[in-house]
Amino acid sequence: MTADNVSSRLRIAVVIGSVRKPRLADPLAAWLERELSAVDWIDLDMIDLASVSLPMHEMRPGGAAASPIAGRLADADGFVFLTPEYNHSFPAALKNAIDWHFTEWAYKPVAFVGYGGSGGIRAIEQLRTVLPELRATTVRESVLLPMAWEHIDADGHFVASPGATKALHSTVEELRTWARALRPLRSADPVGLP
Ligand SMILES: Cc1cc2nc3c(=O)[nH]c(=O)nc-3n(C[C@H](O)[C@H](O)[C@H](O)COP(=O)(O)O)c2cc1C
């Protein structure tokens, strides 16, 4: 690996938005982990909200030092949100994790992998209205996995279609473009983040 390749590596955090037990998120997250850990420019961090304590009554505007994942979010150059759709929106646990943090999201891109009857499209579109408030930008490309429960094999693994795998790789390529472009903004801190 050349020095240029090393310096161009990016830390990408996958945020698993469902905290249900059991949940379809498990085989889908395993697929993301398999695919993304093989991408040569990605240092992958899998953040599972089901294993993180972010009590709603302790949430503060502007974030809170007590967050067990603040450091991991801060270290990320970009994010992939794995989100199901619940009642035409995204899970409350994911909104809570967004609200618990502030500067950790700023000037970073967020890409989406959605699932549900219609591939989680309504959850994703709602997330697109929330994230600019945190000065995060959202990536146009996305991965929609409609009826993903029909693509789980006998061993419980998600069997992605070639189209889904292709969409994932185009999506993370766009995420990479944005993550690189936004890096200088984070060091310049143009609006004086607290
Ligand atoms: C409370 C609830 C509401 C749901 N509402 C929708 C919905 O509005 N649209 C949709 O496509 N799927 C909906 N679903 C189906 C979920 O998208 C599907 O069950 C998905 O696999 C849940 O992901 P999870 O098991 O990882 O939590 C809903 C599921 C739950 C539990």
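Helix H6 (residues 162-188) lies across strands E1, E3, E4 and E5 and runs at about 165° to E5, where axes are lines fitted to C-alpha atoms, for helices over the stretch in contact, and angles run from 0 to 180 degrees between N-to-C directions. Helices (H or I, at least four residues) and strands (E, at least two) are DSSP runs numbered from the N terminus, and two residues are taken to be in contact if their C-beta atoms, placed from the backbone, lie within 7 Å. The model is a predicted one, in which local features need pLDDT of at least 70 and side-chain atom pairs count only at pLDDT 80 or more, while totals for chains, interfaces and linings use all residues. Residues are numbered from 1 along each chain as its sequence is written.

The strands beneath this helix belong to an open sheet of five, arranged in the order E2-E1-E3-E4-E5 with parallel pairing; two strands are said to pair if DSSP finds at least two bridges between them. Because strand E2 (42-48) and strand E5 (137-146) stand at the edges with a single partner strand each, one side of each is left without a neighbour in the sheet. From one strand to the next, the twist averages 20°.

Strand E4 (residues 109-116) is joined to E5 by seven bridges, the two running parallel, and to E3, again in parallel, by six bridges. On the E3 side, valine 80 stands opposite alanine 111 of E4. On the E5 side, valine 110 has threonine 138 as its bridge partner, phenylalanine 112 stands opposite serine 142, and valine 113 is partnered by valine 143. Eight of the eight residues of E4 are buried, so this strand is largely enclosed by the rest of the structure; a residue is called buried if 20 or more other C-beta atoms, placed from the backbone, lie within 10 Å of its own, exposed if 12 or fewer, and partly exposed in between. Pro109, Ala111, Val113 and Tyr115 point one way from E4, whereas Val110, Phe112, Gly114 and Gly116 point the other way, and all of them are buried. The chain reaches E4 from E3 through H4 in a right-handed β-α-β crossover, the hand being right if, with the strands pointing away from the viewer, the path from the first strand over the helix to the second runs clockwise. A right-handed β-α-β unit is likewise made by E4, H5 and E5.

In the first of these connecting helices, H4 (residues 92-100), the residues Leu94, Ala97, Ile98 and Trp100 are buried. They cover an arc of only 165° around the axis, which puts them on the same side of H4, the arc being that of the directions from the helix axis to the C-beta atoms. Their cover includes strand E1 (10-16), strand E3 (78-84) and helix H5 (121-130). In H5, the buried residues include Ala123, Ile124 and Leu127, and these lie on the same side of the helix because they cover an arc of only 95° around its axis. The cover of the buried residues of H5 includes E3, E4 and E5.

In soluble globular proteins, nonpolar side chains tend to be buried together. The largest nonpolar core here contains 46 residues, of which Val15, Leu28, Val80, Phe81 and Leu82 touch the most other members; such a core is a set of buried Ala, Val, Leu, Ile, Met, Phe, Trp, Tyr and Cys residues joined through C-beta atoms within 7 Å. Two or more residues are given to this core by each of E1, helix H2 (25-37), E3, H4, E4, H5, E5 and H6, and its largest share, six residues, comes from H6. Leaving aside neighbours within four places in sequence, leucine 82 is in contact with Val14, Val15, Ile16, Gly17, Ala25, Leu28, Ala29, Leu32 and Val113.

Several backbone features fall in loops. The peptide bond from lysine 21 to proline 22 is cis, with omega near -10°, and proline 22 lies in the loop between E1 and H2. Histidine 88, found in the loop between E3 and H4, has a positive phi near 65° and is exposed, with 12 other C-beta atoms within 10 Å. Arginine 135, in the loop between H5 and E5, also has a positive phi, of about 60°, and counts as partly exposed with 18 C-beta neighbours inside 10 Å. Most residues other than glycine have a negative phi, and most peptide bonds are trans.
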